[in-house]
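Hi everyone, thanks for making time for this one. Have the structure open on your own screen if you can, and follow along as I go.

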Amino acid sequence: MSDPKIVKLLDESSNRSSELPLISGTLGPACIDIGTLYKDTGHFTYDPGYGSTASTKSAITYIDGDQGVLLYRGYPIEQLATNSSFLEVAYLLLNGELPKPAEFAAFEHDVSHHTMLHESLKNFFQGFHHDAHPMAMLAAAVASLSAFYHDDLSVDDPADRKLAAIRLIAKMPTIAAACYRYSVGWPLRYPRNNLEYVDRFLHMMFEVPSEPLQMNPVAAKALDLLFILHADHEQNASTSTVRLVGSTGANPYASIAAGITALWGPAHGGANEAVLKQLEEIGTPDNVESAILRAKDKNDSFRLMGFGHRVYKNFDPRAKIIREMCHKVLAELGVNDPLLDVAMKLEEAALKDDYFVERKLYPNVDFYSGIIYKALGIPTEMFTVMFAIARTAGWIAHWIEQHETPGSRIGRPRQIYTGSDVRDYMPTARR
Ligand code: CMC
């Protein structure tokens, strides 16, 4: 007999029941479709943090957290890391297929011809205090793009959506570099469109008017790889934020700006900055033991940054690649960073410790990435900005998918109300 693909739910107190269909994707566990639950039983579901809740169907990225698998459009992250480039991955995420040479050439041409910022937008940077955090500037500058591209943009028009995607992928490095240059008091640089994506960004970051920039190709290669690894990660907090904002019909630049603010938190993309600061605080391998003790102490809010993941319970495949790359990049650049010794000792100690083993806490993508960024000369406060440049490809691919999906509805969760029961207003004199 074939599987009925239905879950039956009976509320014994009211004797109301619901027959909830199971929905299967191409990979991963089947989901219980609870769309009729409230109508059938009068109940909502409760899942804070959404640990058991699929918020959408998506064909972009797949993660198997138990097996440590990450696929972009079906392609294993390890294969993309070895063979692809960030821009090709961006095309793949947006379009669903790897590009043929002419398709890639057209995409590269489009991206490189939307890299400039409106001159007025550059004035916004002058409004920030010189030590403003670059993530704050990035979020504000990206949100302000909606003031430049709003009236002529329809979120229902596929051509407009594509143009927004190209603009965002193209302008994000220009804005990111401007955030950095403003903070150090350098004049903003125009993008050099004859350079490739990552090279162009590194030139905008580090080239000064007074002398030519000697770029080490190892740096561009390393950054390109980091961008590939950070490009998408299905329904994480920032992508879900982009989708929630997008579900209201908001402008794409405003939706992506919301994603940037969500990414900034230390539990999410802000962890890369937090990891480096924590490694610096730990200082030497001798202090690793006391850091581990603090991380295990339930009376201490201290956590090992760069450890643990909601979905990966075996290992984070991105961390595996980055760890290997970290040793290689430092060797090729001739950098000897004592923080790498601290990181390795910390990883070794945590992986042997019952607390971390029982809770399946492994190094995540952010654990070693900061050491690489630091070796490339990228300041610590810019680490999460690097993440945002890469994740823009994923965010906008999800935003487009959402708008292409027929019947999409505004995102609007329910709640369990725990406040006062209904009561009468009390005049001031009687309170
Ligand atoms: N150090 C010490 N204990 C930890 C850590 C950690 N880094 N992470 C989780 N735990 C403990 C936690 O205290 C809890 O213990 P208990 O069961 O005794 O209460 C248990 O492990 C489960 O943790 P959780 O907070 O319920 O797990 P979560 O899935 O809600 O959170 C996480 C996932 C990534 C937010 C969390 O592991 C964390 O805060 N890690 C450090 C920050 C970090 O590296 N974030 C980057 C994530 S990967 C990149 C990205 O998403 O952008």
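Let's begin with Thr-41, which counts as buried because its relative accessibility is 4%. You'll find Thr-41 in helix α1, which covers residues 37-41. A polar atom of the Thr-41 side chain lies 3.2 Å from the backbone nitrogen of His-43. Before I go further, please keep in mind that this is a predicted model.

A comparable contact turns up at His-133. That residue is placed in the loop between α5 (119-126) and α6 (134-148), and its relative accessible area of 15% makes it buried. What does the side chain of His-133 reach? The backbone nitrogen of Met-135, at 3.0 Å.

Now to the aromatic rings. A pair of such rings is described by the distance of the centres and the angle of the planes. How many aromatic pairs does a search of the whole structure find? It finds 15. Let me show you Tyr-180 and Phe-206, an edge-to-face pair with 6.0 Å from centre to centre and 70° between the planes. Tyr-180 belongs to helix α7 (residues 158-184) and Phe-206 to helix α8 (residues 197-206), so this pair ties together parts that are 26 residues apart in sequence. Both partners are on the inside: Tyr-180 is buried at 10% relative accessibility, and Phe-206 is buried with a relative accessible area of 18%. With the cut-off for buried set at under 20%, Phe-206 at 18% still qualifies as buried.

While we're looking at helix α8, His-203 is there too. Its relative accessible area is 10%, so His-203 is buried. The C-alpha atoms of His-203 and Ala-177 are separated by 8.9 Å, with their positions 26 residues apart along the chain.

A second ring pair worth turning to is Tyr-355 with Phe-356. Their ring centres are 5.0 Å apart and the planes meet at 70°, so this one is edge-to-face. Are these two buried or exposed? Tyr-355 is buried, with a relative accessible area of 15%, and Phe-356 is buried at 3%. They also belong to one aromatic cluster, formed by Phe-307, Tyr-355, Phe-356, Phe-367 and Tyr-368. On top of that, the charged end of Arg-359 sits over the ring of Tyr-355, 3.9 Å from its centre. Elsewhere you can find another arrangement of this kind: the charged end of Arg-414 sits over the ring of Tyr-38, at 5.3 Å from the centre.

Phe-307 from that cluster brings us to the ligand. Which residues come nearest to the ligand? Out of the 22 around it, they are His-268, Leu-304, Gly-306, Phe-307 and Arg-310. By type, the shell divides into eleven nonpolar, six polar and five charged residues.

For those of you thinking about polar contacts, there are three side chains to look at, each with a polar atom placed by an oxygen atom of the ligand. For Lys-298 the distance is 3.0 Å. For Arg-303 it is 2.8 Å. For Asn-364 it is 2.9 Å. As for how covered the ligand is, it exposes 940 Å² when taken alone, and the protein buries 74% of that.

Next, Tyr-312, which sits in the loop between α13 (288-296) and α14 (317-333). Although it is in a loop, Tyr-312 counts as buried, at 3% relative accessibility. Tyr-312 and Tyr-362 are 50 residues apart in sequence, and in space their C-alpha atoms are 8.2 Å apart.

Last stop, the backbone. Most residues other than glycine have a negative phi. Asn-15 is not a glycine, yet its phi is positive, about 60°. Asn-15 is placed in the loop between β1 (6-11) and β2 (16-23), and at 60% relative accessibility it counts as exposed. Glu-234 also has a positive phi, about 40°, without being a glycine. Glu-234 lies in the loop between α9 (217-230) and α10 (237-246). Its relative accessible area is 21%, so Glu-234 is partly exposed.

That's my tour, thanks for listening, and I'm happy to take questions.

Note on methods
Residues numbered from 1 in each chain as written. Predicted model: local features only at pLDDT ≥ 70, side-chain atom pairs only at ≥ 80, totals over all residues. Heavy atoms only, no water. Phe/Tyr/Trp six-rings, centres within 6.5 Å; stacked < 30°, edge-to-face > 60°. Helix = DSSP H or I, 4+ residues; strand = E, 2+ residues; numbered from the N terminus. Buried < 20%, exposed > 50% of the residue type's maximum accessible area, 1.4 Å probe, protein only. Lys NZ or Arg CZ within 6 Å of the ring centre and 35° of its normal. Near = heavy atom within 4 Å. Polar contact = N/O pair within 3.5 Å; in protein donor to acceptor, adjacent residues only side chain to side chain. Areas by Shrake-Rupley, 256 points an atom, 1.4 Å probe, with all protein chains shown as cover. Nonpolar A, V, L, I, M, F, W, Y, C, P; charged D, E, K, R; others polar.
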